[in-house]
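User: Please take a close look at a single helix in this model. I would like one connected account of how its residues are placed.

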Amino acid sequence: MPTWTALTQAQGRPAAEALAEACEDLTPEPVGNGVFEIEDGSDRWEVGVYFTEAPDEVALALLAAAHGAQPFVVSELPEVDWVAHVRRELSPVEAGRFFVHGSHDADKVPEGAEALCIEAAMAFGTGHHDTTRGCLLALDRMIAAGETPHRIADIGCGTAVLAMAAARVLPGVVLASDIDPVAVETAQANVLANGLAGRVECLLAEGFGHPLLHDAGPYDLVFANILKQPLIELAPDMARHLAPGGQAILSGILTAQGDEVVAAYDRAGIALVRRDDLGDWTTLVVRKP
């Protein structure tokens, strides 16, 4: 089935989200859309709209103009088996004791490794991105140092790879939340596929905004692998939900943005313990006194 994409940029998240919502009323109707921050400090957001029929480019142009966005760039994508393509491109990833792989690489798991299977169709957050790998390495160092946090949450869990890694090596139930219902469904499927039912509970929530997340705290360890601005906005709530001495592993941060996130958590009373840069991305470990 052919697919068309229509891409543009808008200034600020509210304008981008309003434009994406307006596109839902187009004819032919789009099969999906997304809004993504362009991580260059400009507060510009990309709006992507996806169609299985050629879109009405005049209607798109009018919507872009009405919302102060750049003109849409419309492209027809070739038919590609993306799952097969991703399987070819994604090799297993080692991050300390953790080994993240697709089922097609199950025979490559090293002896003694903590294996996590994430299929290519669920590739976001598999550990192939340096943000996720940085978080896994930070967790591995904690375990190697003899730390055993008991109350753990993964905020913005995506495929729940971090929550599952924690459940592999630490006691207790890990709570994993995401604002995206598709991500929560994916996380639940991954938990079952990795034999961790009852060890990881997946919740639909923004931040800590779920009764179970609120009641299970304060936390000894929180993962938050999201983006710079949501991390900054989360800092005061993180301070309320971390136990004294509790730590958070933060990522989704470009190296140039690291100081800004560190400053936001310092203002919230949470101090930097360690910073690691992997490629263009930074992972922060912070602690509440």
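Analyst: What follows is an account of helix 2 and its two ends. The model is predicted, so local features are used only at pLDDT of at least 70 and side-chain atom pairs only at pLDDT 80 or more, while totals for chains, interfaces and linings use all residues. Residues are numbered from 1 along each chain as its sequence is written, and side-chain values use heavy atoms, with hydrogens and water left out.

Helix 2 spans residues 57-66, helices here being DSSP runs of H or I with at least four residues, and strands runs of E with at least two, both numbered from the N terminus. Within helix 2, the residues A59, L60, L63 and A64 are buried, that is, under 20% relative accessible area with a 1.4 Å probe and protein chains only, whereas exposed means over 50% and partly exposed lies in between. These four cover an arc of only 135° around the axis, which places them on the same side of helix 2, the arc being that of the directions from the helix axis to the C-beta atoms. An α-helix has 3.6 residues a turn, so residues three or four places apart point the same way. On the other side of helix 2, V58, L62, A65 and A66 are exposed.

The buried residues of helix 2 pack against strand 1 (3-11), helix 1 (13-23) and strand 4 (73-77), where contact means heavy atoms within 4.5 Å.

As for the ends, a side-chain oxygen of D56 comes to within 3.1 Å of the backbone nitrogen of V58 at the start of helix 2, and G68, just after helix 2, adopts a positive phi of about 70°.

Technical notes: Polar contact = N/O pair within 3.5 Å; in protein donor to acceptor, adjacent residues only side chain to side chain.
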